[in-house]
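Here's a quick tour of a protein chain for you to follow along with. Keep the picture open while you read, and look up each piece as it comes.

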Amino acid sequence: MSSLHFDGWRFDPDLGRLTRGSESHHLRPQTGAVLELLLSRRGKVVTRDELRALLWPGNVVVDFDTGINSCVKQIRAALGESAAAPVYLHTVPKKGFRFVVPDPEPRRRGAAARWGVIGGGALVLLIAVVLRTTTPWPDRPAPERVVAILPFDDLAATDHSARLQQIILDDLIRAVGMQDEARVAVIARRSVLAIDDDVAADEIGRSLGATHILDGTIRPLADGYMVSVSLVGADNRFVWGELFEISAADSEPGLGLLRDAAVQEMHLEAHPTR
């Protein structure tokens with residue numbers, strides 16, 4: 001299928017790739033299917049029943065709502081928005097979702113109105129500059145934990161496991177980094193990829209300023225993969241570890257459990273008394 005375009009974004013359904021300029025996101029197959037449907041029906045409500053029929057046709061028994069919510073969450077993360085302040089993907093309570101593309105250029109109302117807006121904007125900017133000299137902007141609280149999420153070791157060494165490795169890395173960076181209430185900062189992906197293999201946790205902590213390191217391994221199973229994940233402190237202190245089975249046919253349930261567990265553990269580390 002040809003690419004779909006909106007507001008500077010380009011989505012390739014065949015590759016599951018969402019791009020804008022130098023920014024690029026790989027969406028899981030189910031998530032890509034949801035975005036494709038939403039874009040084809042932009043401006044109209046797509047019900048949860050329609051999404052369920054798209055993703056799980058027939059008599060498949062799964063937690064539909066959790067799966068749909070996970071797809072929507074990944075789309076919003078890629079687009080840089082949240083459910084509380086949506087720009088494109090809007091929730092329609094008790095119905096479903098509507099994809100809205102903002103008007104890229106507001107309607108002009110003549111030269112007088114245009115210059116009036118410019119003059120008003122200049123006045124607001126002048127006031128802001130004056131206030132800035134006497135009243136500092138409120139600073140965001142410093143993160144209590146800084147985590148470096150490393151690419152998992154791919155012991156299966158297949159094309160599919162290589163894609164799974166990238167999906168896990170991207171998912172964890174987004175999921176952990178979006179937990180603002182946990183006051184957790186995530187090291188930039190490029191900085192993490194520059195780290196050599198087999199570097200000790202304390203050395204990673206010193207070089208990247210990380211307090212924690214999250215990594216793991218991907219091992220082959222008969223019908224999928226066994227993914228082990230571990231969280232250690234930069235002082236080489238073991239914090240948490242767990243195993244997750246990821247099905248080759250449908251990886252989303254296992255990936256969802258992995259994401260949720262990692263987010264929960266980082267939240268507990270940031271708030272140890274709660």
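**Two hairpins in a row**

Asn236 has a positive phi near 70°, and it sits in the hairpin of E12 and E13, where four residues lie between the strands. Keep in mind that this is a predicted model. Overall, the chain's secondary structure adds up to eight helices and 13 strands.

- E12 covers residues 224-233, and E13 covers residues 238-247. These two run antiparallel, with nine bridges pairing them.
- Met226 is found opposite Glu245, which belongs to E13.
- E12 also makes a hairpin with E11, this time with two residues between them.
- Strand E11 (residues 212-221) is joined to E12 by 10 bridges, and that pairing is antiparallel too.
- If you want one bridge to look up, try Asp215: its partner in E12 is Ser230.
- Is E12 mostly covered or mostly open? It is mostly covered, as seven of its 10 residues are buried.
- Some background for looking at these: strands of a sheet pair through backbone hydrogen bonds, and they can do so in a parallel or an antiparallel way.

**The four-strand sheet**

- E1, E2, E3 and E4 make an open sheet in the order E1-E2-E3-E4, with antiparallel pairing.
- Which strands sit at the edges? They are E1 and E4 (23-26), and each of them pairs on one side only.
- On average, neighbouring strands in this sheet are turned by 15° against each other, ignoring direction.
- In the middle of that order, strand E2 (residues 9-12) pairs with strand E3 (residues 17-20) over three bridges, in the antiparallel sense.
- Arg10 has Thr19, in E3, as its bridge partner.
- Helix H3 lies across E1, E2, E3 and E4, and it runs at about 165° to E4.

**Helices H3, H1 and H5**

- H3 has 16 residues, which at 1.5 Å a residue should span 22 Å; its end C-alpha atoms are 23 Å apart, so the two agree.
- Plenty of H3 residues are buried, including Gly67, Ile68, Ser70, Cys71, Val72, Ile75 and Leu79. Gln74, Ala77 and Ala78 are among the buried ones as well.
- Just past the end of H3, Gly80 takes a positive phi of about 75°.
- The same span check works for helix H1 (residues 29-40): its 12 residues should span 16 Å at 1.5 Å a residue, and the end C-alpha atoms are 16 Å apart, which agrees.
- Among the buried residues of H1 are Val34, Leu35, Leu37, Leu38 and Leu39. Gln30, Thr31 and Gly32 are buried too.
- A handy rule for reading helices: an α-helix has 3.6 residues a turn, so residues three or four places apart point the same way.
- Arg174 belongs to helix H5 (residues 159-177). Is Arg174 buried or exposed? Its relative accessible area is 15%, which is under the 20% cut-off, so Arg174 counts as buried.
- What does Arg174 touch, leaving aside its neighbours within four places in sequence? It is in contact with His25, His26, Gln74, Ala77 and Ala78.

**Aromatic rings**

- A pair of aromatic rings is described by how far apart the centres are and by the angle of the planes.
- Four aromatic pairs are counted here. In one of them, Phe6 and Trp9, the ring centres are 6.5 Å apart and the planes are at 20°, so the pair is stacked.
- Phe6 also pairs with Tyr88, but edge-to-face: 5.5 Å centre to centre, with 80° between the planes.
- That second pair links distant parts of the chain, since Phe6 is in strand E1 (residues 4-6) and Tyr88 is in the loop between helix H3 (64-79) and strand E6 (89-92), 82 residues apart.
- Phe6 is buried, with a relative accessible area of 3%, and Trp9 is buried at 1%. Tyr88 is buried as well.
- Phe6, Trp9, Tyr88 and Phe99 together form one aromatic cluster.

**The whole chain**

- Of the 274 residues in the chain, 38% are buried.
- Among contacts with a separation of 6 or more, 53% are between residues 24 or more positions apart.
- The chain's accessible surface is about 15900 Å², and 56% of that belongs to carbon and sulfur atoms.

Definitions and conventions:
Residues numbered from 1 in each chain as written. Predicted model: local features only at pLDDT ≥ 70, side-chain atom pairs only at ≥ 80, totals over all residues. Heavy atoms only, no water. Buried < 20%, exposed > 50% of the residue type's maximum accessible area, 1.4 Å probe, protein only. Contact = heavy atoms within 4.5 Å. Phe/Tyr/Trp six-rings, centres within 6.5 Å; stacked < 30°, edge-to-face > 60°. Areas by Shrake-Rupley, 256 points an atom, 1.4 Å probe, with all protein chains shown as cover. Pairing = 2+ DSSP bridges. Axes fitted to C-alpha atoms, helices over the stretch in contact; angles between N-to-C directions. Expected span 1.5 Å × (residues − 1).
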